Amino acid sequence: MEEKLDRPFHLKERGTTVKTEVLAGLTTFVTAAYVLAVNPSVMSATGMDSGAIFTATALVCFLGTLVMALLTNYPFVLVPSMGLNAYFAYTVVLGMGYSWEVALAAIFLCGKRGKTSPMMYVLAVVSILKYVLI
């Protein structure tokens, strides 16, 4: 079994074993698993369904980590940013009074963390951005 896993993951080349990698994976999972418990709790404060949030969080974590592993061969776990989720829930939705649907639409249109969404370029090009922001 170790030989089969060595080919795609270069275990010997990196000076590791299957046992070490499995233990590292379990440790990383336990470290990041809090997101599966905390994220639905935070986001359900906005009125979102906590079961749906749990499922979406688990799928996003799994798919993101799988893509990272298969495309880059790096052992990185990708999970949602709890800081941004807390800001979304407690500041934008509960603090400012926007519904979670409107807040998600704003993220879709404007992007997040300083990254401009392609929708923002479309709005700017057709010159309706000034009407949307007023």
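What pattern does the protein follow, read along the sequence? The answer is α-α-α-α-α-α-α-α. Keep in mind as you look around that this is a predicted model.

**Figure 1. The whole chain is a protein of eight helices and zero strands.** Welcome to the overview. Of the 134 residues of the protein, 22% count as buried. The accessible surface comes to about 9500 Å², and carbon and sulfur atoms account for 70% of that surface. Among contacts between residues at least 6 apart in sequence, 39% join residues at least 24 apart.

**Figure 2. Confidence in the protein is highest in helix H3 and lowest in helix H8.** The mean pLDDT of the protein is 83, and 84% of its residues reach 70 or more. Helix H3 has a mean of 93, while helix H8, residues 129-133, has a mean of 60. Where pLDDT is low, the predicted coordinates should not be read in detail.

**Figure 3. Helix H3 has buried residues that line one face of the helix.** This helix spans residues 34-44. Its buried residues are Val35, Leu36, Asn39, Pro40, Val42 and Met43. Seen down the axis of H3, these buried residues fall within an arc of 165 degrees, so they share one face. As background, an α-helix has 3.6 residues a turn, so residues three or four places apart point the same way. What lies over the buried residues of H3? The cover includes helix H2 (18-32), H4 and helix H5 (82-95).

**Figure 4. Asparagine 39 is a buried residue of helix H3.** Here we zoom in on a single residue of that helix. Asparagine 39 counts as buried because its relative accessibility is 5%, under the 20% cut-off. Not counting residues up to four places away in sequence, asparagine 39 touches Ile53, Thr57, Pro80, Met82 and Asn85. One of these partners, threonine 57, is 18 residues from asparagine 39 along the chain, and their C-alpha atoms are separated by 7.5 Å.

**Figure 5. Histidine 10 and asparagine 73 are in contact.** Histidine 10 sits in the loop between helix H1 (2-9) and H2, whereas asparagine 73 belongs to the loop between H4 and H5. The two residues are 63 apart in sequence, with 9.3 Å between their C-alpha atoms. Is histidine 10 buried or partly exposed? At 31% relative accessibility, histidine 10 is partly exposed. Asparagine 73, at 18%, counts as buried. Leaving aside neighbours within four places in sequence, histidine 10 is also in contact with Leu5.

**Figure 6. Asparagine 73 is in contact with Phe9.** Let us stay with asparagine 73 a little longer. Setting aside neighbours within four places in sequence, its contacts are Pro8, Phe9, His10, Arg14 and Met68. Asparagine 73 and phenylalanine 9 are 64 residues apart in sequence, yet 6.8 Å apart in space, C-alpha to C-alpha.

**Figure 7. A nonpolar patch lies on the surface of the protein.** Which residues form this patch? They are Leu59, Phe62, Leu63, Leu66 and Leu70. Together they have about 500 Å² of accessible area. Leucine 70 has its place in helix H4, which covers residues 50-72. Leucine 70 counts as exposed because its relative accessible area is 61%, over the 50% cut-off.

Definitions and conventions:
Residues numbered from 1 in each chain as written. Predicted model: local features only at pLDDT ≥ 70, side-chain atom pairs only at ≥ 80, totals over all residues. Heavy atoms only, no water. Helix = DSSP H or I, 4+ residues; strand = E, 2+ residues; numbered from the N terminus. Buried < 20%, exposed > 50% of the residue type's maximum accessible area, 1.4 Å probe, protein only. Contact = heavy atoms within 4.5 Å. Areas by Shrake-Rupley, 256 points an atom, 1.4 Å probe, with all protein chains shown as cover. Patch = residues over 30% accessible without salt bridge, like charges linked within 9 Å, V, L, I, M, F, W, Y side chains within 5 Å. Salt bridge = Lys/Arg side-chain N within 4 Å of Asp/Glu carboxyl O. Arc of directions from axis to C-beta. pLDDT = per-residue confidence, 0-100.
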